Amino acid sequence: MSPLLTVDDLRVSFPTRTGTVEAVRGVSFTLGKERLGIVGESGSGKSQTGRAIMGLTPSQARISAKTLAFDGIDLLSASARQRRSLRGKRVAMILQDPKYSLNPVMTIGRQIIETLRTHERVLASEGRARALAMLEAVQIRDPERVFDLYPHEVSGGMGQRVMIAMMLICGPELLIADEPTSALDVTVQLDVLAILDKLVAERGMGLIFISHDLRLVSSFCDRVIVMYAGRVVEELPSANLADAKHPYTQGLLNCLPTIGTHRHPLPVLERKPEWAL
Amino acid sequence: MTREVLSVRDMVVTFDEFVALDGVSLSVTEGQSFGIVGESGSGKSTLLRAVAGLNSFESGTLTVSGRRYSGHLRDKDFYRTVQMVFQDPYGSLHPRQTVDRLLLEPLAIHGFTDVDSRIARALDEVGLGTGFRFRYSHQLSGGQRQRVAIARALILEPKILLLDEPTSALDASIQAEILNLLEQARKDRGLTFVMVSHDLGVISHMCERLAVMRKGKVVEIVSVEALENRTFSEDYTRQLLVASEGFRRD
Ligand SMILES: Nc1ncnc2c1ncn2[C@@H]1O[C@H](COP(=O)(O)OP(=O)(O)OP(=O)(O)O)[C@@H](O)[C@H]1O
Ligand SMILES: Nc1ncnc2c1ncn2[C@@H]1O[C@H](COP(=O)(O)OP(=O)(O)OP(=O)(O)O)[C@@H](O)[C@H]1O
Ligand SMILES: [Mg+2]
Ligand SMILES: [Mg+2]
């Protein structure tokens, strides 16, 4: 059986005035109907990897890969039209920074309905009912009130869940979730993960879960990829996280504050230049 | 003797009909680090913003260093005493401003003249060399931006720092650096912290006491020891503690 997604030697670089920034430098992995976690520090290329799969790479960037294929479709040679129709319908991405991804002058409810309407013909009343049901599914307490709010009127965690609702309403086969729960409190975080988990199990969705929270990722995903400076430095089954070999991964595990341990100051990572080679 | 420096009594904040803070009370003593945890939308940011005068409160009292404040009016003196670091490092700094401009602004408002040495010292304190002084904030990583936001808050030498999820957008290694930086600043300057986080690990590391919030109310105030020994009374606090151990598939 061929995998849902194949990424082989993906590279993304940005020409800038001061030289080329190589954001992604030869990333390879495959994904089936499973949960794959991508962790790594800020700037390591996690979001740009996700965006390349979505076809949302900024136009000034250069992108190349030996293979970049979704369900047998070669993404790099697909037409703009073909990619647009994949996006949202079969492949969706929850973007980091929800407040910037939402339209500030449109109410939350209308935005969800518009998203639904770009993919399906629905009557206004049905659209409203489905948008409210989705807000409820992501554990928004009073969907009716939130439906009529503007993005600046919701809390950080609510904004994130609105984004999730928007992406899930179309029922994608592959979902890339970029830091989808970083602004959520722990109990809601688990509720949202449970929703995603159910979709993987019931609909056979493939999920790429991008996060900087290694502890959370390992408790949720089947496999974890660790990125550093644009490359994959380690790939591990979540259950074997304790066997991590790369000093960056080990450092990440070691510098988390936990309840009941008292380490002042916390250990910090000593980054070695050779990690970025 | 420990002196109360910040006191909130029966604070109520509403947006149209919606009650975002429903009679919140808490008291923070000098030099203390006080944590706030609670579910998304429970009013944590609203509470800090109401203290800082960024949204007004309808009823209740706010006392800071012995002075009473109401509504959302705060005088210049207030901001010499209280500064805030926001939840979102991407939104809180204007992207098209240089670090220099961002740090200069509060100094100019408060009429400081020794701006060069203060900016250099502030950058040094947060571990950013003077090489960062003329960078634009959109050229900084998330961790670097949060350092600039902290430098900006510390530059007026406040006594109280209100911290809204200062590390939730950062990876664990950078979070550790920022938490160490904040602890050091607190030690060096005898600062008082009020810190919001959804991560109980972070709160138990940084704070001595914490308030647990839910639906606009404080449901419980406990010491960190009580949290560690599980000698608290609210079921919701226990749920938070269990949830902080990670995802479980059942
Ligand atoms: N438009 C751009 N121009 C130049 N460089 C860019 C651009 N967009 C991203 N980069 C660079 O690409 C690299 C990878 O960025 P990316 O957003 O993928 O990081 P990330 O791993 O998602 O980090 P974070 O955890 O902070 O979200 C970074 O060094 C970033 O500065
Ligand atoms: N300007 C506003 N207009 C209307 N409602 C608002 C406004 N600001 C906040 N609220 C509401 O007040 C409630 C509390 O929001 P607040 O931002 O304080 O939550 P929070 O506890 O900080 O949550 P999070 O952990 O998600 O950041 C939310 O239901 C939010 O929708
Ligand atoms: Mg990113
Ligand atoms: Mg908040």
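## A tour from the core outward

Start with the largest nonpolar core, which has 117 residues. Select A:L175, A:L196 and B:L210: these have the most contacts inside the core. Next, pick helix 8 of chain A, residues 186-203. This helix gives the core its largest share, nine residues. Keep in mind as you go that this is a predicted model.

**Stop 1: B:L210**

Zoom in on B:L210. Which residues are in contact with B:L210, leaving aside neighbours within four places in sequence? Show B:F34, B:G35 and B:V37. Then add B:L200 and B:I203. Finish with B:E220, B:I221, B:V222, B:S223, B:V224 and B:L227.

**Stop 2: the sheet in chain B**

Now switch to a cartoon view of chain B. Six strands form an open sheet here, and their order is 6-7-8-3-9-10. The pairing is mixed. Colour strand 6 (82-85) and strand 10 (217-223) of chain B. These are the edge strands, and each pairs on one side only. Look along the sheet for its twist: the average is 20° from one strand to the next.

Stay with strand 6 of chain B and add strand 7, residues 160-164. How many bridges join strand 6 to strand 7 of chain B? Four, and the two strands run parallel. Label B:V82 and B:I160 to see one pair of bridge partners.

Next, select helix 1 of chain B, residues 44-52. This helix packs on the sheet. Helix 1 of chain B touches strand 3 (33-38), strand 6, strand 7, strand 8 (192-196) and strand 9 (209-214) of chain B. Its direction makes about 150° with that of strand 7 of chain B.

Then select helix 5 of chain B, residues 142-154. Helix 5 of chain B packs on the sheet too, touching strand 6 and strand 7 of chain B. Compare directions: helix 5 makes about 175° with strand 6 of chain B.

**Stop 3: the second largest pocket**

Show both chains. Select A:G43, A:Q48, B:H138, B:L140 and B:R145, the lining residues that lie nearest the centre of the second largest pocket. In total, 40 residues line this pocket. Its volume is about 1700 Å³.

Which elements give two or more residues to the lining? From chain A, they are strand 1 (5-16), strand 2 (19-31) and helix 1 (46-54); from chain B, helix 5. Helix 1 of chain A gives the most, with four residues.

**Stop 4: helix 3 of chain B**

Select residues 99-109 of chain B, which make up helix 3. Its buried residues are B:V99, B:D100, B:L102, B:L103, B:P106 and B:L107. What covers them? Helix 4 (115-125) and helix 5 of chain B are included in the cover. Step just past helix 3 to B:G111, where phi is positive, about 70°.

**Stop 5: two buried residues**

Pick B:V13, in strand 1 of chain B, residues 4-15. Is B:V13 buried or exposed? B:V13 counts as buried because its relative accessible area is 1%, under the 20% cut-off. Beyond four places in sequence, B:V13 touches several residues, including B:F18, B:L21, B:A50 and B:F57. Draw a distance from B:V13 to B:G216: C-alpha to C-alpha, it is 8.9 Å, yet they are 203 residues apart in sequence.

End at B:Q175, in helix 6 of chain B, residues 172-189. B:Q175 is buried because its relative accessibility is 7%. Leaving aside neighbours within four places in sequence, B:Q175 is in contact with B:T167, B:L170 and B:V202, and with A:P257 of chain A.

How values were computed
Residues numbered from 1 in each chain as written. Chains lettered and ligands numbered in written order. Predicted model: local features only at pLDDT ≥ 70, side-chain atom pairs only at ≥ 80, totals over all residues. Heavy atoms only, no water. Core = buried A, V, L, I, M, F, W, Y, C linked by side-chain atoms within 4.5 Å. Buried < 20%, exposed > 50% of the residue type's maximum accessible area, 1.4 Å probe, protein only. Contact = heavy atoms within 4.5 Å. Pairing = 2+ DSSP bridges. Axes fitted to C-alpha atoms, helices over the stretch in contact; angles between N-to-C directions. 1 Å grid on protein atoms, 1.4 Å probe; cavity = no way out; pocket = protein on both sides within 12 Å on 5 of 7 lines; lining within 4 Å. Points joined across faces, edges and corners; volume = space filled by probe spheres on them.
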